[in-house]
Amino acid sequence: MSPKKGGAMAARELDQVGEAFDERQLAAEIEKLKGSYLECRTLGHAWKIQYMGPVTRSDMELASRARHHPWNPDGARILRCTRCRTERVDLCLVGYGRRAYGYRLVARYYRYADDYKVEGANNHREMLHEELFRRQSEKGTK
Ligand SMILES: [Zn+2]
């Protein structure tokens, strides 16, 4: 964290990518972030396989993305985080129709809960880590 925090400096600063941001406002939003979201954003997701197999039409978003992808991926892998419920969707070429199981990842996207994202937080990951430390310290040591 910058040593300016909490000082008399103007809250509006430039971040590492040169965009103006309000550090206090971002800190306030991070403070409201659910504990599970904060852990995932700092430690990474805890993935568990939800589905692995052919692209089916039952998942309409996935089927549509596969259909419109130039490489026609035929396999899908959906992972769900056991902590925050975010889903990671991988579209792959696995050769199901030809009984030739290769593997090539061709696209990946995520499905987040609406309140998971905090604008500007990805440019200030140190603030997320700082908040995690603060919350853990408040819990006390056991
Ligand atoms: Zn997660």
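Which residue in E4 does Lys48 stand opposite? In this predicted model, the residue opposite Lys48 in E4 is Arg80. Arg80 in turn stands opposite Glu87 in E5. The sheet to which these strands belong is described below, after the chain as a whole.

The chain contains four helices and six strands. Read from the N terminus, the order of these elements is β-β-α-α-β-α-β-β-β-α. Of its 142 residues, 16% are counted as buried. Among contacts with a separation of 6 or more, 52% join residues that are 24 or more positions apart.

Confidence in the prediction varies along the chain. The average pLDDT is 87, and 82% of the residues score at least 70. Strand E4 (residues 75-81) has the highest confidence, with a mean of 97, whereas strand E1 (residues 12-14) has the lowest, with a mean of 62. Over residues 1-11 the pLDDT stays under 50, and the model has seven contacts beyond four places in sequence for this stretch.

Four strands form an open sheet in the order E3-E4-E5-E6, and their pairing is antiparallel. Strands E3 (47-54) and E6 (104-111) stand at the edges; each has a single partner strand, so one side of each lacks a neighbour in the sheet. On average, neighbouring strands in this sheet are turned by 20 degrees against each other, direction ignored. In general, the strands of a sheet pair through backbone hydrogen bonds, in either a parallel or an antiparallel manner.

The pairs can be taken in order across the sheet. E3 and E4 run antiparallel and are joined by seven bridges. E4 and E5, also antiparallel, are joined by six bridges. These two strands form a hairpin with five residues between them, and Arg85 in the turn has a positive phi of about 70 degrees. Strand E5 (residues 87-93) is joined to E6 by seven bridges, again in an antiparallel arrangement. Within E5 and E6, Val89 has Tyr109 in E6 as its bridge partner.

The largest nonpolar core is made up of 10 residues: Leu26, Ile30, Leu33, Tyr37, Leu38, Cys40, Cys81, Cys84, Met127 and Leu128. Helix H1 (23-32), helix H2 (35-43) and H4 are the elements that give two or more residues to this core. H2 gives the most, with three residues. A second, separate core has seven residues, including Val55, Leu62, Ala66 and Cys92. In soluble globular proteins, nonpolar side chains tend to be buried together. One member of the largest core, Tyr37, is in contact with Cys84 and Tyr116 when neighbours within four places in sequence are left aside.

Helix H4 (residues 125-139) consists of 15 residues and reaches 22 Å from its first C-alpha to its last, close to the 21 Å expected at 1.5 Å a residue. Gly140, just after H4, takes a positive phi of about 85 degrees.

Phe21 lies in strand E2 (residues 20-22). Phe21 has 18 other C-beta atoms within 10 Å; because a buried residue needs 20 or more and an exposed one has 12 or fewer, Phe21 is classed as partly exposed. The C-alpha atom of Phe21 is separated by 7.6 Å from that of Gly120, although the two residues are 99 residues apart along the chain.

Methods. Residues numbered from 1 in each chain as written. Predicted model: local features only at pLDDT ≥ 70, side-chain atom pairs only at ≥ 80, totals over all residues. Contact = placed C-beta atoms within 7 Å. Expected span 1.5 Å × (residues − 1). pLDDT = per-residue confidence, 0-100. Pairing = 2+ DSSP bridges. Axes fitted to C-alpha atoms, helices over the stretch in contact; angles between N-to-C directions. Core = buried A, V, L, I, M, F, W, Y, C linked by C-beta atoms within 7 Å.
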